[in-house]
Amino acid sequence: MIGSALFAVYLHRRLDKIEDERNLYEDFVFMKTLQKCNKGEGSLSLLNCEEIKSQFEAFLKEIMLNNEMKKEENIAMQKGDQDPRIAAHVISEASSNPASVLRWAPKGYYTISSNLVSLENGKQLAVKRQGLYYVYAQVTFCSNRAASSQAPFVASLCLHSPSGTERVLLRAASSRGSSKPCGQQSIHLGGVFELHPGASVFVNVTDPSQVSHGTGFTSFGLLKL
């Protein structure tokens, strides 16, 4: 029984080898015939030579076409593996009627590196691709300016989900000073969060009248990791 199985395996491999040798011989004969046609040797007619050359040209075109298709597939796969750079950085914009949700300038030091993130209504950074994002904010405020209350100044980094719900992601507070001149202080917020398509983030403060606007003072941004 074992001998019969071994013989079957040997016969199968031998037949494969014979098939390979036969194909190799046929290729060799074809190439020799093509060589004779190019040199004008042998008894082949002009019609036969033209047919052989036509077959060879078609064979070469097929090889070149397959190579081009493979190159295009490789390029497409490489592009698919590379996530587009998604990043945004905006600076605050002063308003005659300040609101608790800070506004960001559409011009100036304003960077959006992909159409997959946008500034919505001048307040929110909205993303169109799911992923982990580093979201950050710096809020500079005048700690000694006359305030509407003596409560600590609080800045919050908030999420507006695609379903419409809102929640605080990060929050920080700073106490106010007592002297008359403006003593500037800065609050820094930053963390990594998973955002879904349609989600947006924004910055909320307890007393917008205290926020310092100007280059480098108050800014907000995100970066897809």
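How many of the 8 residues of strand β6 (residues 153-160) are buried? The count is 7 of 8, so β6 is mostly covered. Keep in mind that this is a predicted model. Below is a quick tour of the open sheet, the partners of β6, the aromatic pairs, and two residues worth a look, Asn-121 and Thr-218.

**The open sheet**
- Five strands make up an open sheet, and reading across it you get β2-β1-β10-β5-β8, with antiparallel pairing.
- At the edges sit β2 (111-112) and β8 (184-195), each of which pairs on one side only.
- Strand β1 (residues 87-91) runs antiparallel to β2, and 2 bridges join them.
- If you want a spot to look at on that pairing, go to His-89, which stands opposite Thr-111 in β2.
- As general background, the strands of a sheet pair through backbone hydrogen bonds, either parallel or antiparallel.

**β6 and its two partners**
- On the β7 side, 8 bridges link β6 to strand β7 (residues 166-174), and the two run antiparallel.
- β6 and β7 form a hairpin with 5 residues between them.
- Gly-164 sits in the turn of that hairpin and has a positive phi of about 105°.
- β6 also pairs with strand β9 (residues 200-205), again in the antiparallel sense, over 6 bridges.
- Leu-159 is a handy landmark for both pairings: Arg-167 in β7 stands opposite Leu-159, and so does Val-201 in β9.

**Aromatic pairs**
- There are 3 aromatic pairs in the structure.
- One of them is Tyr-134 with Tyr-136: the ring centres are 5.9 Å apart and the planes are at 25°, so this pair counts as stacked.
- Tyr-134 is partly exposed, because its relative accessibility is 36% and the partly exposed class runs between 20% and 50%.
- Phe-141 and Phe-153 make another stacked pair, with ring centres 4.1 Å apart and planes at 10°.
- That Phe pair links distant parts of the chain: Phe-141 belongs to strand β5 (residues 131-142) and Phe-153 to strand β6, 12 residues apart.
- Both Phe-141 and Phe-153 are buried.

**Asn-121, out in a loop**
- Look for Asn-121 in the loop between β3 (117-120) and β4 (124-127).
- The phi of Asn-121 is near 55°, which is a positive value in a residue other than glycine.
- Asn-121 is exposed, because its relative accessible area is 60% and the cut-off for exposed is over 50%.

**Thr-218, a buried loop residue**
- Thr-218 is also a loop residue, found between β9 and β10 (219-224).
- Is Thr-218 buried or exposed? It is buried, with a relative accessible area of 0%.
- Leaving aside neighbours within four places in sequence, Thr-218 is in contact with a set of residues that includes Ile-91, Leu-102, Trp-104, Val-139 and Val-211.
- Trp-104 is 114 residues from Thr-218 along the chain, yet their C-alpha atoms are separated by 9.3 Å.
- The side chain of Thr-218 reaches the backbone oxygen of Ser-212 at 2.8 Å.
- A polar atom of the Thr-218 side chain also lies 3.2 Å from the backbone nitrogen of Thr-140.

Terms used:
Residues numbered from 1 in each chain as written. Predicted model: local features only at pLDDT ≥ 70, side-chain atom pairs only at ≥ 80, totals over all residues. Heavy atoms only, no water. Pairing = 2+ DSSP bridges. Helix = DSSP H or I, 4+ residues; strand = E, 2+ residues; numbered from the N terminus. Buried < 20%, exposed > 50% of the residue type's maximum accessible area, 1.4 Å probe, protein only. Phe/Tyr/Trp six-rings, centres within 6.5 Å; stacked < 30°, edge-to-face > 60°. Contact = heavy atoms within 4.5 Å. Polar contact = N/O pair within 3.5 Å; in protein donor to acceptor, adjacent residues only side chain to side chain.
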